[in-house]
Amino acid sequence: MSHLSPLLKQSSGVHAERGEGVHLYDREGRAYLDFTSGIGVTATGHCHPRVVAAAQAQVGRLIHAQYATVRHTPMLELTDRLYEKLPESLDAIALSNAGTEAVEAAVRLARHATGRANIIAFTGGFHGRTMASASLTSSSVKPRTGFHPMMAGVAFAPFPHAYRWGWTPEQATAFCLQELDHLFVTQSAPRDTAAMIVEPVQGEYGYYPATAEFMQGLAERCRRHGIVFIVDEIQAGYGRTGRFWSYEHFGVTPDILITAKGLASGFPLSGIAASTALMEKGLPGSQGGTYGANAVACAAALATLEVMDEEKLVANADAVGRHLDERLQALAASHACIDEVRGMGLMRGMEIVDPGSRCADGERAAALLVESERQGLLLLRCGAYGQVVRWLPPLIVTRDQVDDAVERFTKALAKLN
Ligand SMILES: Cc1ncc(COP(=O)(O)O)c(C=O)c1O
């Protein structure tokens with residue numbers, strides 16, 4: 001009998017033994033094409049030799065150089081290297097471990113800096129499982145059920161889910177901005193609003209990219225009212241959408257950027273970036289934690305950045321992501337149970353519906369994952385009803401591997417028809 005908590009459930013039946021590149025291997029040595037990337041974490045693939053070597057070297061030198069006690073080189077080098085990827089204005093970086101910690105650090109900073117309490121989040125957003133992050137989350141009730149009351153001071157404005165509403169992106173955007181303005185006169189006056197937090201491409205809710213007009217509308221209102229504009233780049237950032245940061249698709253610049261997942265190829269590391277002037281408005285002692293900026297994680301993050309640059313992984317995510325989109329759109333055209341394929345770069349989601357009723361069909365999506373696994377392909381689901389099959393391979397994936405994965409998925413579709 002396993003002593004693992006029964007609540008820690010796995011989406012696949014695989015007992016992973018080792019990983020290499022795009023593949024995971026189970027205890028019997030069976031290979032799986034891993035198009036989950038550990039939920040978007042293993043950007044450079046499993047156990048990239050450069051990342052492994054950097055981590056191994058660091059483990060032998062210094063593991064825990066506690067950053068509230070001493071400085072250490074991997075942390076300082078990483079903040080310098082990371083700054084090269086950030087907009088000029090975001091020149092200060094605070095590192096922590098999980099994504100949710102970084103989200104909470106961003107909210108804390110916005111509240112300190114503005115002296116205001118309220119945060120506007122957007123419907124369908126996912127920001128984490130700890131109290132403040134769960135309070136900002138509305139992708140599903142799962143992180144919230146039985147955990148209420150949530151943190152006070154959160155107001156939700158609509159995100160342009162054009163597919164869900166059966167509208168054009170323009171109609172959805174106009175509605176959302178109108179509702180945001182309405183929210184300012186009904187729920188949270190600008191003078192009470194510390195921040196807006198948004199995923200430029202929503203992840204857990206079902207791979208919905210924002211529109212440029214929507215993001216620019218948020219940025220403009222933040223500027224006008226002195227509200228801190230926070231982008232959560234935890235899932236969509238770090239090259240996944242074909243630009244280094246996903247907000248770059250939309251012609252805006254955030255005041256705070258939150259990153260995690262792909263940052264260290266699997267070592268726990270997260271961070272927020274803001275201007276020094278904004279950071280200085282935070283209260284002393286409000287950033288940090290025992291394990292943040294772990295030296296091994298920082299060394300792995302430095303190697304990850306080197307690999308990303310040398311292997312041109314952001315350009316690869318763009319090019320191979322377009323190829324993946326073409327292949328998935330072709331599948332949608334020939335299979336009635338795939339209603340829409342959305343996303344950017346190597347972040348694509350497929351809406352699975354019941355072919356008769358056209359309603360979201362989470363059970364069919366689950367069955368597709370089980371059958372894909374039998375075919376040697378690991379995928380994940382997302383969406384409020386578990387109805388979205390999501391494709392998020394590592395950024396090193398090739399066109400051939402995408403073709404291989406799509407062939408396996410096509411077989412899974414055939415088995416279910
Ligand atoms: C957009 C987004 N924000 C925040 C989080 C929370 O990150 P973590 O699970 O590392 O706490 C996630 C995790 O999936 C995410 O996708």
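Which residues make up domain 1 and domain 2 in the domain assignment of the chain? Domain 1 takes in 16-34 + 312-416 and domain 2 takes in 50-310; these bounds come from an automatic or database domain assignment. The model is predicted: local features need pLDDT of at least 70, side-chain atom pairs count only at pLDDT 80 or more, and totals for chains, interfaces and linings use all residues. Residues are numbered from 1 along each chain as its sequence is written.

**View 1. The two domains and their contact.** The C-alpha centres of domain 1 and domain 2 are 26 Å apart. Contact involves 21 residues of domain 1 and 21 residues of domain 2 (in contact: C-beta atoms, placed from the backbone, within 7 Å). On the side of domain 1 that touches domain 2, helix 11, strand 13, strand 14 and strand 17 each supply at least two residues. Helix 11 gives the most, five residues. Helices (H or I, at least four residues) and strands (E, at least two) are DSSP runs numbered from the N terminus. By class, this side of domain 1 has 10 nonpolar, five polar and six charged residues. Ala, Val, Leu, Ile, Met, Phe, Trp, Tyr, Cys and Pro count as nonpolar, Asp, Glu, Lys and Arg as charged, and the others, Gly among them, as polar.

**View 2. The open sheet of four strands.** The strand order is 13-14-17-16, with antiparallel pairing (strands pair if DSSP finds at least two bridges between them). Strand 13 (338-344) and strand 16 (380-382) are the edge strands, each pairing on one side only. On average, neighbouring strands are turned by 30° against each other, direction ignored. Helix 11 (residues 313-334) packs on the sheet, touching strand 13, strand 14 and strand 17 (388-391), and its direction makes about 170° with that of strand 13. Helix 12 (residues 362-374) lies across strand 14, strand 16 and strand 17, at about 40° to strand 17. Axes are lines fitted to C-alpha atoms, for helices over the stretch in contact, with angles from 0 to 180 degrees between N-to-C directions.

**View 3. The hairpin of strand 13 and strand 14.** Six bridges join strand 13 to strand 14 (residues 347-352) in the antiparallel sense. E340 stands opposite E351, and M344 stands opposite M347. Two residues lie between the strands, and G345 in the turn has a positive phi of about 55°.

**View 4. The ligand shell.** The ligand is surrounded by 15 residues, the closest being G99, T100, G128, I234 and Q235 (near: C-beta atom, placed from the backbone, within 6 Å). Helix 4 (residues 99-114) provides the largest share, three residues.
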